[in-house]
Amino acid sequence: MMELEDNALQRDVTASDLQLSLRVDAVLDVDANVIGYVVEWLDRTEDRKNQTLVETIMTGQFVAEFNSEGAVVSRNPAFDVLIGQTQPPYLRLAPDVIRFLDDEDVRPLASRQHDGNIIFGRFLVVLPDGSEVILEGGLNPMRGRDEQTRGSIFIARDITRHEAELHKMEEERLDAEQA
C-alpha cells in the first residue's frame, strides 16, 4: 500500500535481503499540471539493521552516557531499574559509585575516559542502598571532530550472580584440595 506524504507516494519495499524505500513525487508546471514524476529509491537495509541493533542494546543491556566530567547525561530504563531513579542522578564515573576491576590503573573512570581507549571488562557498581553489582561491558569514548574525547557510552550486562557462582565453586575446590 502506498502512503501519501507531502503530496508524494511513499512505500517500503523488500527485495531479497534488501529493505528499500520508494518515493514518487509529481513534477508540476506553473499551472499545477503534472508534467512528470521523480522516482527515488533508497536502500534502507543498513539503517534498519542499525535501528534493530540500537533497540536490542537499549532493551537488553545497561546503557548510560557520561559527559567529559563523568556526570551521567542519560541512561536507559534498565539502568533506572537497577539503581532507581534518583534526583540528582546518582550514577557518575566516581570511584565510590563505579570502578573498573580488571587492571591496576586506579585513576577514576572520569579521568581514564579521556585516554580515548575503550575500557572493557568488569565494573563494580555501588548502588544507592550500598549493595554492589558487577557489570561486564565497556566504557566507550565518544570523540568530536577533533578526535578529542567528549564523553563516553557505557554498555554492560549484570554478571553478579555468575561471579558469585564462580567464587563459590573456587571456594569448594580449595576446600576439597585441603581435605
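So, R173: with a relative accessible area of 39%, R173 counts as partly exposed. Keep in mind that this is a predicted model. R173 makes a salt bridge with E170, and their closest N and O atoms sit 2.4 Å apart. E170 is partly exposed as well, at 36% relative accessible area. Why are these two about one helical turn apart? Because they are three residues apart in helix α4.

Okay, where does that helix go? Helix α4, residues 160-178, lies across β8, β9 and β10. Against β9, which covers 132-143, α4 runs at about 125°. And β10 is the stretch 149-158.

Those strands belong to a bigger arrangement, so to speak: an open sheet of six strands. If you want to trace the order on screen, go β6-β5-β10-β9-β8-β7. The pairing is antiparallel. Which strands stand at the edges? That would be β6, residues 72-75, and β7, residues 98-100. Each of them has a single partner strand, so one side of each is left without a neighbour in the sheet. As for the twist, neighbouring strands are turned by 30° against each other on average, ignoring direction.

Let's stay with β7 for a second. Its partner here is β8, residues 119-126, and three bridges join the two strands, which run antiparallel. If you want a residue to click on, F100 stands opposite F123 in β8.

Now back to charges. How many salt bridges are there in the model? The count comes to 16. Two more of them are worth pulling up.

One is D103 with R112, where the closest N and O atoms are 2.7 Å apart. Is R112 buried or exposed? R112 is buried, at 8% relative accessible area; the cut-off for buried is under 20%. D103, on the other hand, comes out at 32% and counts as partly exposed.

The other is D115 with R107, whose side chains meet at 2.6 Å, N to O. Here D115 is partly exposed at 42% relative accessible area, and R107 is partly exposed at 36%.

To finish, one more look at R173 and E170, that pair in helix α4, and then over to a network. Which residues are joined into one network by salt bridges that share partners? They are D103, D105, R107, R112 and D115. So when you open the model, try showing those five side chains together: D103, D105, R107, R112 and D115.

Note on methods
Residues are numbered from 1 along each chain as its sequence is written. This is a predicted model: local features need pLDDT of at least 70, side-chain atom pairs count only at pLDDT 80 or more; totals for chains, interfaces and linings use all residues. Side-chain values use heavy atoms; hydrogens and water are left out. Two strands pair if DSSP finds at least two bridges between them. Helices (H or I, at least four residues) and strands (E, at least two) are DSSP runs, numbered from the N terminus. Axes are lines fitted to C-alpha atoms, for helices over the stretch in contact, and angles run from 0 to 180 degrees between N-to-C directions. Contact means heavy atoms within 4.5 Å. A salt bridge is a side-chain nitrogen of Lys or Arg within 4 Å of a carboxyl oxygen of Asp or Glu. Buried means under 20% relative accessible area, exposed over 50%, partly exposed in between (1.4 Å probe, protein chains only).
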